[in-house]
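Grab the structure and let's work through a few exercises together. Try each task yourself before you read its solution.

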Amino acid sequence: MTFTKIIILVITLFSFSYFDINSLNSNDTIPPKVNIVSPCNAEQYIVSRPIIKASFSDNVRINKSSVKLFLNYKDVTSDCSISEDIITYKPKFKLKRGSQIVKLQVKDINNNKTNLEWYFTVGSPSYNHYYGLLHSHTSNSDGHGTYEDAYYKTKLKSKLDFFAITEHSNMFDNDLNCNLKDGSKSKKWENLIRVSKQYNSDGSFLALKGFEMSYPYKDVPNPIGHINVFNSDGFVSSNDIRYSNLKDFYELISKEDKLIAQFNHPCDIFGRFNNFEYNKNADNIISLIEVCNGYNKEISKNKLSFDEYQKALDIGWHLAPSANQDNHRTDWGSANEFRTVVLCTDLNENSFYDSLKNMRVYATQDSNIKIDFTINDVIMGSTIKNTSNLYFNVSVIDKDVKDKIKKIEVVSNNGKVIASQDFNSNLSKLEFKLIELKNSFYYVKVYQNNNKVSVTAPIWIEFDKK
């Protein structure tokens, strides 16, 4: 074979190989694979200036110019170090404490694209998020099943962090011979205490007890309503004529500082507590209001009271929202995804009741959504005094891929939405600054793609009178 023929053959083979590779490339539909991210997804206790990394690979080749990195929605690519298979970024300034959302975009040479979002938490979390229910019944009032059934189901089957049995106190035996400090005359109450202690496990499950002060509502014009009371040693009943009206009942519970109370299912049927007539002493005890109540799977078939929550806040009550199933069947915890979420340092009664008292609470129709809301690094349920600049920080996370966060709203007095942002993600964050020079409150409302709604306790802004 002559030298010329050899050259022609080599060129031919090279050309065939070249076109064959491009042919394979043009048929490639597999996007790049992200192999490692650092810090890891959901990792906590991260330093304020962490090195953020992601490594990636592809069956063909990465388009290096396509690689982009976003931190809390800001494009930081220009400050990154990028190679063929890794991107590295170190923030110029310290990150604020809390959740940080990272997004990576990368394409291969055939324009197949991968988007990946993850989050990590800077600093030690101030509070853990605990999920449970604060309103339920058994056959000891007008429900079904035993105390043992309810605690067993919620602890071992529904996997709640806490669960409260709150029977109608007017259906307890010897109710007129009991009081807030001593319920020992009632066998049902004493049995509730005994069983709750058996199922209580500090650190893993709180078996709580309470009672529902249940004013009559059937064939009653303008019914008063029902109120749950927690952290009491005994109970009282609406059968006792001494507490037949709200004023006297408010006066009674206001004398016991350790008590915590909740407005239950405000509506036409059961009552609206004399249109939430404000009582300063009771405001120190009543810390919660149910915005979601019921055990129907379909959300709209339950009692939803977001407007009542807003009304009570506008009147002057200091309240956190709760979402409970009010079970009367044996479906405690599994009836739907309604959850009350309590932010506290540890899962024990002292820490838990402290958080209820201080309204570190949010209500949700989703069983595992995680919401953090602060103003000036102060957590939901708090009051900030004499400040002008307000720095809002809201992060919402739902690890279920199907449960997309669609919108975050920040709501103020009279239902005014002062900030709103749309999303379509399992990770979302809203940050902004506001100059405030008047008494006000702000809470967060979160909407998801499946008609689920969550709402937080407010943060109040107050100014001393001059």
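Four exercises follow, each with a worked solution.

A word on the ground rules: this is a predicted model, where local features need pLDDT of at least 70 and side-chain atom pairs count only at pLDDT 80 or more, while totals for chains, interfaces and linings use all residues. Residues are numbered from 1 along each chain as its sequence is written, and side-chain values use heavy atoms, with hydrogens and water left out.

**Exercise 1. Find which residues of helix H4 are buried, and work out how they are arranged around the helix.**

Step 1: Get the terms straight. Helices (H or I, at least four residues) and strands (E, at least two) are DSSP runs, numbered from the N terminus. Buried means under 20% relative accessible area, exposed means over 50%, and partly exposed is in between (1.4 Å probe, protein chains only).

Step 2: Go through residues 246-254. Leu246, Phe249, Tyr250, Leu252 and Ile253 turn out to be buried.

Step 3: Look down the axis of H4. Its buried residues fall within an arc of 160°, so they line one face of the helix. The arc is taken from the directions from the helix axis to the C-beta atoms.

Step 4: See what sits on top. The cover over H4's buried residues includes strand S12 (206-214), strand S14 (260-264) and helix H5 (273-276), counting contact as heavy atoms within 4.5 Å.

**Exercise 2. Do the same for helix H2: which of its residues are buried?**

Step 1: Scan residues 147-157. You should pick out Tyr147, Ala150, Tyr151, Lys153 and Thr154 as buried.

Step 2: Turn the helix end-on. The buried residues of H2 fall within an arc of 160°, so they line one face of the helix.

Step 3: Check the cover, which includes S11, H3 and S12.

**Exercise 3. Describe the aromatic pair Phe172 and Phe235, then the pair Phe273 and Phe276.**

Step 1: Know the rule. Rings of Phe, Tyr and Trp (its six-membered ring) pair if their centres lie within 6.5 Å; planes under 30 degrees apart count as stacked, over 60 as edge-to-face and the rest as tilted. The whole structure holds 19 such pairs.

Step 2: Take Phe172 and Phe235. Their ring centres are 4.9 Å apart and their planes are at 55°, so this pair is tilted. It links distant parts of the chain, 63 residues apart, and both Phe172 and Phe235 are buried.

Step 3: Move to Phe273 and Phe276, another tilted pair, with 5.8 Å centre to centre and 45° between the planes. These two are 3 residues apart in helix H5, which puts about one helical turn between them.

Step 4: Widen the view. Tyr250, Phe263, Phe273, Phe276, Tyr278 and Trp317 form one aromatic cluster.

**Exercise 4. Which residue forms a salt bridge with Glu308, and which with Lys452?**

Step 1: Apply the cut-off: a side-chain nitrogen of Lys or Arg within 4 Å of a carboxyl oxygen of Asp or Glu. The search of the whole structure gives 16 salt bridges.

Step 2: Start at Glu308. Its partner is Arg272, with the closest N and O atoms 2.9 Å apart. Glu308 lies in helix H7 and Arg272 in the loop between S14 and H5, so the pair ties together parts that are 36 residues apart in sequence.

Step 3: Now Lys452. Its partner is Asp403, with the closest N and O atoms 3.5 Å apart. Both Lys452 and Asp403 are buried.

Step 4: Follow the links. Glu337, Asp366, Asp403 and Lys452 are joined in a network of salt bridges.
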